[in-house]
Amino acid sequence: VFFPHTVLKLVANNPQVLASAVPYCRIRGVSLIATLCASVSFAAFRGILDFATPLQVGIVTNLLNALLDPLLMNNFGMGVSGVALASTVAELCSALVFVALLRRRKLLAPKPTLPAISTM
């Protein structure tokens, strides 16, 4: 995320590969927090034995990604960067949907609160 060119050079030193891989990593790096949030939310629903909700969210967001990939890659001429953007958008949508569903079920506090100093 911070030094994609340096890190990717360890794996592939081909300039053509790096020309596509570096922008891909930078764009995908935007969704790291959303990916973590979606993964934790997925596990939270499995923890309460709700397997259908994560499956449904996953299907919808994967369909969104599948629709955006060719659109951004080909129609907008973004190439590999379009694929990264499509994946990022789908991951952000997944995280937002999961947070909304967790709040609706009162499994996530509307506002995070810190304990009072007197109770510590």
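User: How many salt bridges does the structure hold, where a salt bridge is a side-chain nitrogen of Lys or Arg within 4 Å of a carboxyl oxygen of Asp or Glu?

Analyst: This is a predicted model, in which local features need pLDDT of at least 70 and side-chain atom pairs count only at pLDDT 80 or more, while totals for chains, interfaces and linings use all residues. Residues are numbered from 1 along each chain as its sequence is written, and side-chain values use heavy atoms, with hydrogens and water left out. On that basis, the number of salt bridges in the structure is one.

User: Which parts of the chain does the pair of Asp-50 and Arg-105 tie together, and how many residues apart in sequence are they?

Analyst: The side chains of Asp-50 and Arg-105 meet in a salt bridge at 2.7 Å, N to O. Asp-50 lies in the loop between α3 (32-47) and α4 (52-75), and Arg-105 in the segment after α5 (80-104), the helices being DSSP runs of H or I with at least four residues, numbered from the N terminus. The pair therefore ties together parts whose separation in sequence is 55 residues.

User: Is Asp-50 buried or exposed?

Analyst: Buried means under 20% relative accessible area, exposed over 50%, and partly exposed in between, with a 1.4 Å probe and protein chains only. Arg-105, at 40% relative accessibility, counts as partly exposed. The relative accessible area of Asp-50 is 12%, so Asp-50 is buried.

User: Which residues of α2 are buried?

Analyst: Helix α2 covers residues 15-29. Its buried residues are Leu-18, Ala-21, Val-22 and Gly-29.

Terms used: Helix = DSSP H or I, 4+ residues; strand = E, 2+ residues; numbered from the N terminus. Expected span 1.5 Å × (residues − 1).
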